[in-house]
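Biologist: I should like to go through this model step by step. Shall we begin with a single residue and then move on to its surroundings?

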Amino acid sequence: MMKGSSSRHRVRGVLAVTGMLILAACSGTGSTPVTDPFATLSSAYDPASVWHVTKDGMRTVIHGNPFDVSQAEADQMILSSLRMPAWHQKAQFVLHRASDKRQSARLVLIFNPIDPVSHDEACRKLSEIGVRPIANITQIHAAFCASERSLAHIDGRVTASEPRDPAFRGLMAQAIDQLLPLRNFANDGSCKPPAC
C-alpha cells in the first residue's frame, strides 16, 4: 500500500513539474512582449528635436501586415495602438507612404522581416526588405529615421492574434518608449567612452 502510494506521489510530482515547465515555456514565448534591452541610438538622436518633428503628427510608415485583415485595416489598427512616451508631447501617429526619395523624419515599422534588418536599412528602400505574412510570433523592427539615416532602432516580438490584442499593444508601447528615450547618453556628456 505504501509502495503504491509513494509511486502515485512520484507520478503526480512529475506531472506537476511537467505542467509548470509547459506553463513557463508558454509564458516565455506567449503574450509577453519582448524587445531589445535598449534601442540603438545614433549620436544624432536628440530628444528635444522629437517635439519639432511631431508637432504636426508623427509620420509613420508601415511595411508588412502580420494579421489576417486587409493592409488598410491593419494600418489603422496599428496606428491606433501607438502612443508617444509620457516624457514627450502628445502627438498623433499619421500614416505616411514610403518613398524612394529623400524623406523627412518619420517612424518606420517593419513587421515580420524575412531577414534581420541592419543599421539604416529601414530608412532606405523598403521595397528591398522582404516580409512574411501571418506568423505565430509577430516580429517588429522599429526605426526613427531622418532621411536615410537611423536615429534610433529596436527589434521586438510577441505572440498576438490581432492588432487589438493587449499583448500587441504592449509590444508597441514598449518599443516606442525605448525608441524615443528622454536622454541620449551618447551625446549629453553624462557618459564617456569606452563605457558608452
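Biologist: In which strand is Thr35 found, and is Thr35 buried or exposed?

Modeller: The model is a predicted one. Thr35 belongs to strand S1, which covers residues 34-35. Its relative accessibility is 13%, and a residue counts as buried under 20%. Thr35 in S1 is therefore buried.

Biologist: With which side chains does the side chain of Thr35 make polar contacts?

Modeller: Leaving aside neighbours within four places in sequence, Thr35 is in contact with Ile154, Asp155, Gly156, Leu171, Gln174, Ala175 and Gln178. A polar contact of 2.9 Å links its side chain to that of Gln174. Another, of 3.0 Å, links the side chain of Thr35 to that of Gln178. The side chains asked for are those of Gln174 and Gln178.

Biologist: Which residue caps the N-terminal end of H4?

Modeller: The backbone nitrogen of Ala167 has a side-chain oxygen 2.8 Å from it. That oxygen belongs to the capping residue, Asp165.

Biologist: How far apart are the end C-alpha atoms of H4, and why does this agree with the expected span?

Modeller: H4 has 14 residues, and at 1.5 Å a residue they should span 20 Å. The distance in the model agrees because the end C-alpha atoms are also separated by 20 Å.

Biologist: Against which elements do the buried residues of H4 pack?

Modeller: The buried residues of H4 are Ala167, Phe168, Leu171, Met172, Ala173, Ala175, Ile176 and Leu179. They pack against S1, strand S2 (40-41), H3, S5, S6 and S7.

Biologist: Which element supplies the largest share of the largest nonpolar core?

Modeller: In soluble globular proteins, nonpolar side chains tend to be buried together. The largest nonpolar core here has 33 residues, and Leu82 is one of those that touch the most other members. Elements supplying at least two residues each include helix H2 (47-54), strand S3 (58-63) and helix H4 (166-179). The largest share, 7 residues, comes from H4.

Biologist: Which residues does Leu82 touch, not counting residues up to four places away in sequence?

Modeller: Leu82 is among the core members with the most contacts to other members. Outside that sequence range, Leu82 touches Thr60, Phe93, Leu107, Leu109, Met172 and Ile176.

Biologist: Which elements give two or more residues to the lining of the second largest pocket?

Modeller: The second largest pocket holds about 200 Å³ of space. It is lined by 15 residues, and those closest to its centre are Pro113, Gln139, Ile140, Asp155 and Gly156. The elements that contribute two or more lining residues are S1, S6 and S7.

Methods:
Residues are numbered from 1 along each chain as its sequence is written. This is a predicted model: local features need pLDDT of at least 70, side-chain atom pairs count only at pLDDT 80 or more; totals for chains, interfaces and linings use all residues. Side-chain values use heavy atoms; hydrogens and water are left out. Helices (H or I, at least four residues) and strands (E, at least two) are DSSP runs, numbered from the N terminus. Buried means under 20% relative accessible area, exposed over 50%, partly exposed in between (1.4 Å probe, protein chains only). A polar contact is a pair of N or O atoms within 3.5 Å; within protein, one must be able to donate a hydrogen and the other to accept it, and residues adjacent in sequence count only if both atoms are side-chain atoms. Contact means heavy atoms within 4.5 Å. A nonpolar core is a set of buried Ala, Val, Leu, Ile, Met, Phe, Trp, Tyr and Cys residues joined through side-chain atoms within 4.5 Å. The expected span of a helix is 1.5 Å times one less than its number of residues. On a 1 Å grid over the protein atoms alone, a cavity is a set of points where a 1.4 Å probe fits but cannot get out, and a pocket is an open set with protein on both sides within 12 Å along at least five of seven lines; lining residues have an atom within 4 Å of a point. Grid points are joined across faces, edges and corners, and a volume is the space filled by probe spheres set on the points.
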